[in-house]
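User: Could you zoom in on one helix of this model and walk me through how it sits against the rest of the fold? I'd like the reasoning spelled out, not just a list.

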Amino acid sequence: MKNYSLILLFISLVIGISFLISVYGQDDISKTVTKKNANPIVYHLTSNDPWRASIVISDATNLKNLGYNVTILLSIEGVQVGVKNPHHFLNLDNVVANVTNFIKDGGKVVVCGVCLRVAGFEPNEIIDGAMIGTDEITPKLFTNATVVTY
């Protein structure tokens, strides 16, 4: 019985160590390939609330920095964080700066064109590097994407 317990313990250790090596032994290249092949992630921000917007920008930035294909889609009231000069009473200057930095660091931002016009802005008022969602861009954005809406 004692030998049986030792053999069972030995087999359990071998299996456990093999599992840890397979999970933690991945090199950076295999992790990157996995992320590059992952479905795109779209953060859909419909609000101009600074708290919600900050969470979206933080999450999107972190995932982008980990190598994921991340896009922020701004619609409805969320277009306010994608324009150079949002309505001053919303106090969005820091949020707009963070969106600008996200774009400068390689992030993608798409602004709903209809929502932009309804909010009283023109296409030339969006942040540099952001793009207006068109009939061609928006459907491609959602293809196989995981969408997180705030």
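Analyst: **A close look at α4**

Let's start at the tail end: G106 comes after α4 and has a positive phi, near 100°. Keep in mind that this is a predicted model.

Now the helix itself. α4 is built from twelve residues, and its first and last C-alpha atoms lie 16 Å apart, close to the 16 Å expected at 1.5 Å a residue. V95, V96, V99, F102 and I103 are its buried residues. Looking down the axis of α4, you find those buried residues within an arc of 115°, so they line one face of the helix. Over on the other side of α4 sit D93, N94 and K104, which are exposed.

What is the buried side of α4 covered by? The cover includes α3, β2 and β3. That takes us to the sheet, then to the neighbouring helix, and finally to the core.

The sheet is open and has five strands in the order β4-β3-β2-β1-β5, paired in parallel. At its edges are β4 (131–133) and β5 (146–149); each has a single partner strand, so one side of each lacks a neighbour in the sheet. On average, and ignoring direction, neighbouring strands here are turned by 30° against each other. As general background, strands of a sheet pair through backbone hydrogen bonds, in either a parallel or an antiparallel sense.

For specific pairings, take β1. Five bridges link β1 with β2, and the two run parallel; within that pair, H44 has L73 of β2 as its bridge partner. With β5, β1 pairs over four bridges, again in the parallel sense, and T146 in β5 is the bridge partner of I41.

How do the helices lie on this? α3 goes across β1 and β2, and runs at about 170° to β1. α4 also packs on the sheet, where it touches β2 and β3, and its direction makes about 125° with that of β3.

The strands under these helices are well covered. In β2, five of its five residues are buried: V70, I72 and L74 point one way, T71 and L73 point the other, and all are buried. β1 tells a similar story, since five of its five residues are buried, so it is largely enclosed by the rest of the structure. Both of its faces are covered, with I41, Y43 and L45 buried on one side and V42 and H44 buried on the other.

Next, the neighbouring helix. For the 16 residues of α3, 1.5 Å a residue predicts a span of 22 Å, and the end C-alpha atoms are indeed 22 Å apart, which agrees. The buried residues of α3 are A53, V56, I57, A60 and K64. Viewed down the axis of α3, they fall within an arc of 95°, so they too line one face of their helix. Facing away from that buried side are the exposed residues W51 and N65. The buried residues of α3 pack against β1, β2 and α4. Just after α3, there is another positive phi, about 105°, at G67.

All this feeds into the core. The largest nonpolar core has 28 residues, and those touching the most other members are I72, V81, V109 and V111. At least two residues each come from β1 (41–45), α3 (50–65), β2 (70–74), α4 (93–104), β3 (108–112) and α5 (113–118). Our helix, α4, gives the most, with five residues. That fits a general trend: in soluble globular proteins, nonpolar side chains tend to be buried together.

V81 is a nice way to see the pieces meet. Leaving out residues up to four places away in sequence, V81 touches L45, A53, L74, L92, V95, V96, V99 and I127.

One last stop, in the loop between β2 and α4, where N91 has its place. Is N91 buried or exposed? N91 is exposed: its relative accessible area is 62%, and the cut-off for exposed is over 50%. Its C-alpha atom is 9.8 Å from that of N48, though the two residues are 43 apart along the chain.

Key:
Residues are numbered from 1 along each chain as its sequence is written. This is a predicted model: local features need pLDDT of at least 70, side-chain atom pairs count only at pLDDT 80 or more; totals for chains, interfaces and linings use all residues. Side-chain values use heavy atoms; hydrogens and water are left out. A nonpolar core is a set of buried Ala, Val, Leu, Ile, Met, Phe, Trp, Tyr and Cys residues joined through side-chain atoms within 4.5 Å. Buried means under 20% relative accessible area, exposed over 50%, partly exposed in between (1.4 Å probe, protein chains only). Contact means heavy atoms within 4.5 Å. The expected span of a helix is 1.5 Å times one less than its number of residues. The arc is that of the directions from the helix axis to the C-beta atoms. Two strands pair if DSSP finds at least two bridges between them. Axes are lines fitted to C-alpha atoms, for helices over the stretch in contact, and angles run from 0 to 180 degrees between N-to-C directions.
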